[in-house]
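Colleague: Thanks for making time for this. Could you show me the structure and then take me through its helices, strands, rings and interfaces?

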Number of protein chains: 4
Amino acid sequence: MENKYSIILGNLGNTCDRFCKSYKTNPSSERMLELAAENMPYIGGVELVGTWDIRPDNAKEMKKRLDGYGLECASIIPDTFGDSDYGKGSVSSTDPAVRRKALDYLRSMCEVALQVDCRIVNLWMAQDGYDYLLTADYDREREWMTEAIRALASEFPSLKIALEYKPKEPRNFSYHARMADTILAAQETGCRNVGVTIDTGHGFVGGENVAESIVLAKRAGDRLFHMHFNDNHGCWDDDMIVSSVHMTTYIEMMFWLRKTGYDGWLSMDQYPYREDAIGAISESLHWIKKYETIVDERYDEIERLIGLNDAVETSRFLRSLLK
Amino acid sequence: MENKYSIILGNLGNTCDRFCKSYKTNPSSERMLELAAENMPYIGGVELVGTWDIRPDNAKEMKKRLDGYGLECASIIPDTFGDSDYGKGSVSSTDPAVRRKALDYLRSMCEVALQVDCRIVNLWMAQDGYDYLLTADYDREREWMTEAIRALASEFPSLKIALEYKPKEPRNFSYHARMADTILAAQETGCRNVGVTIDTGHGFVGGENVAESIVLAKRAGDRLFHMHFNDNHGCWDDDMIVSSVHMTTYIEMMFWLRKTGYDGWLSMDQYPYREDAIGAISESLHWIKKYETIVDERYDEIERLIGLNDAVETSRFLRSLLK
Amino acid sequence: MENKYSIILGNLGNTCDRFCKSYKTNPSSERMLELAAENMPYIGGVELVGTWDIRPDNAKEMKKRLDGYGLECASIIPDTFGDSDYGKGSVSSTDPAVRRKALDYLRSMCEVALQVDCRIVNLWMAQDGYDYLLTADYDREREWMTEAIRALASEFPSLKIALEYKPKEPRNFSYHARMADTILAAQETGCRNVGVTIDTGHGFVGGENVAESIVLAKRAGDRLFHMHFNDNHGCWDDDMIVSSVHMTTYIEMMFWLRKTGYDGWLSMDQYPYREDAIGAISESLHWIKKYETIVDERYDEIERLIGLNDAVETSRFLRSLLK
Amino acid sequence: MENKYSIILGNLGNTCDRFCKSYKTNPSSERMLELAAENMPYIGGVELVGTWDIRPDNAKEMKKRLDGYGLECASIIPDTFGDSDYGKGSVSSTDPAVRRKALDYLRSMCEVALQVDCRIVNLWMAQDGYDYLLTADYDREREWMTEAIRALASEFPSLKIALEYKPKEPRNFSYHARMADTILAAQETGCRNVGVTIDTGHGFVGGENVAESIVLAKRAGDRLFHMHFNDNHGCWDDDMIVSSVHMTTYIEMMFWLRKTGYDGWLSMDQYPYREDAIGAISESLHWIKKYETIVDERYDEIERLIGLNDAVETSRFLRSLLK
């Protein structure tokens with residue numbers, strides 16, 4: 001089985017934070033696509049952000065370009081995070097008009113996905129959550145989210161709806177916060193085509209061991225639909241080059257992805273605020289590829305180690321990976 | 001509806017940490033029971049730790065004493081954490097003999113629970129987890145846990161098996177780590193009498209908003225069976241007096257316990273290493289009672305606030321609670 | 001001794017994050033000043049962000065307006081965070097041209113401070129730090145920072161240069177990260193008019209007990225020059241309304257500010273992304289004022305408690321503050 | 001310059017936590033010394049815990065044994081953490097009798113150090129701190145600590161007094177918490193022979209980049225006296241095998257130790273609760289030795305990288321270390 005690599009297209013463009021509006025110039029989506037096709041190793045697809053990169057009005061055009069480069073649309077990520085109308089929630093807003101607008105927007109993005117032969121709609125419901133204690137009815141708002149996602153999944157049964165979790169940012173608490181609660185959210189819909197996206201950095205911030213999260217998703221009925229890779233210093237979503245901080249955890253992830261039969265995309269998701277984007281994202285691809293090779297070549301040895309329960313043996317194995 | 005208060009009996013005794021074996025003398029369980037009965041406000045029950053406080057050989061005697069003081073056995077907490085045989089896991093150990101021993105021990109504790117008319121067996125599976133990456137087969141070990149808990153719950157259908165979660169300590173990663181994964185673990189057993197215990201401090205360490213966890217348990221089919229209260233500074237299980245650090249979160253919890261119809265115990269769980277234990281635990285009881293009163297008297301106002309989604313209004317309400 | 005209250009003017013305006021460019025409309029500085037003067041309780045001053053609110057070209061005009069409202073300029077906060085030229089550091093940049101530009105800009109802001117009778121220049125050196133391990137020469141970059149701050153402090157001996165620390169964001173590691181390292185940075189300059197600004201939320205994120213940080217600054221030779229107040233959930237700079245999460249810590253801070261003889265401003269610094277800004281910032285002012293009153297009225301009692309070392313007594317005191 | 005390796009002797013013995021009193025049998029100090037001498041690679045010394053391993057009554061005997069094995073006493077670590085008399089502080093206790101007892105004990109340990117030709121007395125003042133807000137007079141207690149450490153350093157001018165910092169555990173807040181505040185504490189004594197011990201895991205828990213802490217100590221006048229190595233998952237002092245979680249940070253530390261001219265011990269400090277202690281500690285020694293070799297062989301390349309400020313180039317370098 002060959003892993004499929006991709007990147008999020010917009011990571012090649014501008015990045016900002018709440019203090020500095022622009023660290024870089026922002027090429028057009030078309031130019032970023034050209035840059036990706038010409039420079040990125042291993043990739044067979046790109047992820048497109050809804051509205052920014054792809055909309056009903058340019059879907060056909062983008063599909064043609066993608067085909068021209070021999071790239072698939074790995075996923076579409078609807079933008080429910082950048083529109084201030086969704087500032088206090090999209091499908092979980094207390095305002096029914098906002099909920100309707102959000103659901104209609106998500107529907108249109110599913111239509112676009114079908115048009116470009118994309119199988120994954122990656123829902124990062126970034127504004128659905130809350131900031132202050134004693135200001136939200138968690139039960140009612142979760143119910144609204146469940147209803148909206150169920151509606152979407154039922155109306156588009158050929159798509160996989162992948163819920164991307166993150167503990168916080170931009171809200172202080174997100175409703176889809178970690179693997180297990182997002183599995184529960186997926187199960188509540190009653191739809192088999194609702195699953196989960198792991199962003200490795202979101203998992204680290206959430207205090208998860210991501211390899212174990214992969215196992216949780218497997219046990220909950222093959223709910224892992226998509227993977228975003230990056231690294232961070234452990235307490236915040238720094239969106240850094242893979243393996244700039246951690247090593248072992250990526251090897252363990254790649255092992256469990258193989259062992260659980262994951263056949264989705266391995267996609268890079270970074271914010272290279274101050275770095276050369278092409279270089280930084282290429283590095284992540286090289287790291288993951290290296291770890292894939294290690295796991296493929298030493299699969300049986302790793303399998304023995306996880307059954308052995310001996311940290312000393314595991315340490316010896318890890319040391320053997322260095323020159 | 002009247003809330004039922006209790007304490008963990010052993011919190012009145014010795015405490016140690018990994019550097020200092022003893023900060024205090026340790027009274028006998030009988031003496032601690034006397035101290036609790038004579039000094040603790042509001043309580044109608046005590047939680048007993050298996051082996052330490054209660055065993056097959058003293059169950060009848062303890063029941064008689066409890067009756068004499070007019071106290072119930074609120075829960076039994078089997079000791080799978082202090083026996084070094086379980087150091088690398090109890091029911092999830094890779095050693096089948098350890099798994100069998102652990103399950104037999106848990107069965108005996110369920111028998112004891114029946115003998116003392118206790119309805120809750122609180123399973124804090126503290127040693128079931130792992131420390132190092134690439135040293136455990138998460139899938140297989142979780143399966144063993146599920147099988148053992150299913151066996152127990154099936155054999156003792158009149159008991160409630162309450163799984164107490166905690167992200168880490170004593171293992172670096174616990175299998176029952178947070179509310180949502182513990183709900184998944186409970187659901188995997190297929191038994192309705194398997195649910196969850198919230199320890200407020202464990203929730204804080206896990207990055208949870210505990211009030212939201214109460215809602216998650218409700219939505220997953222009324223799975224909240226038991227409550228342990230304490231406070232901490234946010235990053236570790238400091239097991240402090242309630243409300244020594246936080247305020248708002250307890251009010252929100254008490255509101256949602258009421259709103260979701262929770263009818264279990266409100267039990268205090270602290271480690272007063274260097275404090276007068278009776279004083280410290282009494283303080284927690286007084287704080288929770290105060291918050292209960294606030295919620296009862298201003299329930300409609302709070303309900304309005306959580307529907308309002310306005311942090312300024314919520315702040316005004318909170319200020320109104322101070323003299 | 002009367003405490004002096006102020007707010008950061010720009011907190012009344014737009015807020016953004018790295019996903020959503022605008023949650024609100026942004027009034028002009030002049031309009032925000034009018035809003036502050038007409039709506040904010042207790043305040044005697046405002047803090048102005050350099051370039052955004054105040055520049056050489058409008059300093060006189062702003063001073064006139066401030067006088068008209070009877071408000072002081074509590075501090076000037078030069079903007080070294082929003083200009084992408086400083087993206088990889090301002091006075092610690094490896095590029096000498098950037099270092100020069102930054103120092104010249106800071107000089108111009110000191111001139112402006114003198115023009116508007118402002119005594120505090122608040123240096124939040126947000127871009128001076130690093131993101132990745134093995135990419136920065138900490139020794140050399142710190143030396144450049146020290147030289148620049150020393151130059152500034154020497155050239156403007158009548159101003160107080162207050163270094164505002166924060167562990168991370170926008171860089172993954174800031175050079176001025178916590179109280180103690182910022183005291184060291186101040187001491188390195190050899191200038192008595194270099195000190196520290198506490199932002200309470202930055203302290204929480206840094207794992208500090210802010211009251212203890214106040215004592216550290218006192219012991220290091222009265223180095224606490226300025227205070228920014230807000231609250232957060234403990235792991236990130238959420239910039240929330242004071243006391244929405246914590247209570248005790250603010251009482252302890254207000255006590256130690258009094259005890260150490262702090263006579264600077266108590267300024268509010270929030271990001272009310274989704275809240276009514278006037279309401280949210282007013283709430284913080286009301287909370288701090290309430291805590292000031294508690295400390296004034298019960299100063300001796302609190303002094304006794306901190307000498308007593310008895311958490312049970314302290315808990316009783318805290319409970320007595322609630323109705 | 002050759003690095004000197006050592007281990008903490010007691011790490012070969014029993015470990016416990018607050019739930020399980022004993023995971024292992026505990027060999028005698030003499031037996032552990034034999035085990036270390038026969039099994040540990042690279043070591044030229046051992047660290048001895050006061051009272052447990054070495055006392056006035058066995059100092060001569062231990063010295064003879066050490067000589068027999070060709071090992072030095074790398075440091076003595078007085079036990080101010082395991083005696084419940086110091087539960088609420090040793091030299092910072094509010095009880096003058098406790099302060100006197102603690103200081104006398106520390107003096108006796110300095111005498112012992114002289115007797116065994118040990119140059120480092122490693123003061124981990126684990127009980128000097130506080131748990132609850134509003135229960136301690138930080139100013140007075142810090143002053144007592146400063147006076148005691150000053151007395152000790154003045155009376156034993158040929159010894160290096162190395163203050164080992166740790167943010168928390170066993171107290172919720174330690175007075176010696178991070179590098180910078182411990183430098184301030186050292187400076188307050190006015191003694192050049194008071195410096196700092198870095199425990200890498202304590203630094204990680206404190207949110208520090210340890211390499212930067214090495215630079216801080218250098219800039220504060222060569223205050224880094226001693227190094228303890230271990231790894232953890234980032235939020236707690238898990239005391240694990242070096243490099244089981246992180247990689248880059250150790251390379252960066254080894255580089256800066258070299259660059260700043262550190263000539264002290266590289267000592268391993270772990271709690272192998274459930275692991276074979278000899279195996280686990282040997283692994284750490286092998287990892288550090290490997291990193292030392294990498295740094296020695298590629299020193300100029302790393303020096304170029306830290307001046308370059310280019311995360312992509314640094315990532316390429318890191319990848320080149322893997323086979």
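Colleague: How many of the 11 residues of helix H5 (residues 179-189) of chain A are buried?

Modeller: Happy to start there, and please keep in mind that this is a predicted model. Buried here means under 20% relative accessible area. Among the helix residues that meet this are Met179(A), Ala180(A), Asp181(A) and Thr182(A), and also Thr189(A). The helix is largely enclosed by the rest of the structure, because the number of its buried residues is 9.

Colleague: Which residue just after H5(A) takes a positive phi?

Modeller: Thr189(A) is one of the buried residues of H5(A). Just after the helix, a positive phi of about 70° is found at Gly190(A).

Colleague: Let's switch to a strand in chain D. How many of the 5 residues of strand S6 (residues 160-164) of chain D are buried?

Modeller: S6(D) pairs with strand S4 (residues 120-123) of chain D in the parallel sense, and S6(D) also runs parallel to strand S8 (residues 194-199) of chain D. The strand is largely enclosed by the rest of the structure, because its count of buried residues is 4.

Colleague: And what is the bridge partner of Ala162(D) in S8(D)?

Modeller: On the S4(D) side there are 4 bridges to S6(D), and one partnership there is Val121(D) with Ile161(D). S6(D) and S8(D) are joined by 4 bridges too. Within S8(D), the partner of Ala162(D) is Gly195(D).

Colleague: Now the copies. What kind of axis relates chain D and chain C?

Modeller: Laying chain D on chain C takes a turn of 180° and a shift of 0.0 Å along the axis, and the RMSD is 0.0 Å. The two copies are therefore related as by a two-fold rotation axis.

Colleague: Which residue of chain D has the C-alpha nearest the axis?

Modeller: The axis in question is the one for the 180° turn that lays chain D on chain C. The nearest C-alpha of chain D lies 2.6 Å from that axis and belongs to Ala180(D).

Colleague: What percentage of the contact residues of chain D recur in chain C?

Modeller: The contact draws 51 residues from chain D and 51 residues from chain C. The same surface serves both copies, with a recurrence of 100%.

Colleague: Which three residues of chain D supply 20% of the area that chain D buries against chain C?

Modeller: The area buried between chain D and chain C is about 4,300 Å², and carbon and sulfur atoms give 57% of that. Three residues supply more of chain D's share than any other three. They are Leu134(D), Arg219(D) and Asn309(D).

Colleague: Over in the other pair, which residue of chain A has the C-alpha nearest the axis?

Modeller: Chain A is laid on chain B by a turn of 180° with a shift of 0.0 Å along the axis, at an RMSD of 0.0 Å. The C-alpha of chain A nearest that axis is 2.6 Å away and is that of Ala180(A).

Colleague: What area is buried between chain A and chain B?

Modeller: Here 51 residues of chain A are in contact with 51 residues of chain B. The copies meet through the same surface, because 100% of the interface residues of chain A are also interface residues in chain B. Carbon and sulfur atoms give 57% of the buried area, which is about 4,300 Å².

Colleague: On to the rings. How many residues apart in sequence are the parts that the pair of Trp52(A) and Phe81(A) ties together?

Modeller: A search of the whole structure finds 70 aromatic pairs over all chains. Trp52(A) and Phe81(A) form one that is edge-to-face, at 6.0 Å centre to centre with 80° between the planes. Trp52(A) lies in the loop between strand S2 (43-49) and helix H2 (59-69) of chain A and Phe81(A) in the loop between strand S3 (72-77) and helix H3 (96-115) of chain A, so the separation is 29 residues.

Colleague: Which of those two rings, Trp52(A) or Phe81(A), is buried?

Modeller: Trp52(A) is partly exposed, with a relative accessible area of 44%. With a relative accessible area of 5%, the buried one is Phe81(A).

Colleague: Last one: the charged end of which residue sits over the ring of Tyr271(B)?

Modeller: In chain B, Lys289(B) lies over the face of Tyr42(B), at 5.2 Å from the ring centre. For Tyr271(B), the charged end is 4.5 Å from the ring centre and comes from Arg18(D).

Key. Residues numbered from 1 in each chain as written. Chains lettered and ligands numbered in written order. Predicted model: local features only at pLDDT ≥ 70, side-chain atom pairs only at ≥ 80, totals over all residues. Heavy atoms only, no water. Buried < 20%, exposed > 50% of the residue type's maximum accessible area, 1.4 Å probe, protein only. Helix = DSSP H or I, 4+ residues; strand = E, 2+ residues; numbered from the N terminus. Pairing = 2+ DSSP bridges. Least-squares fit on C-alpha atoms with pLDDT ≥ 70 in both. Contact = heavy atoms within 4.5 Å. Phe/Tyr/Trp six-rings, centres within 6.5 Å; stacked < 30°, edge-to-face > 60°. Lys NZ or Arg CZ within 6 Å of the ring centre and 35° of its normal. Buried area = accessible area lost by both parts, 1.4 Å probe.
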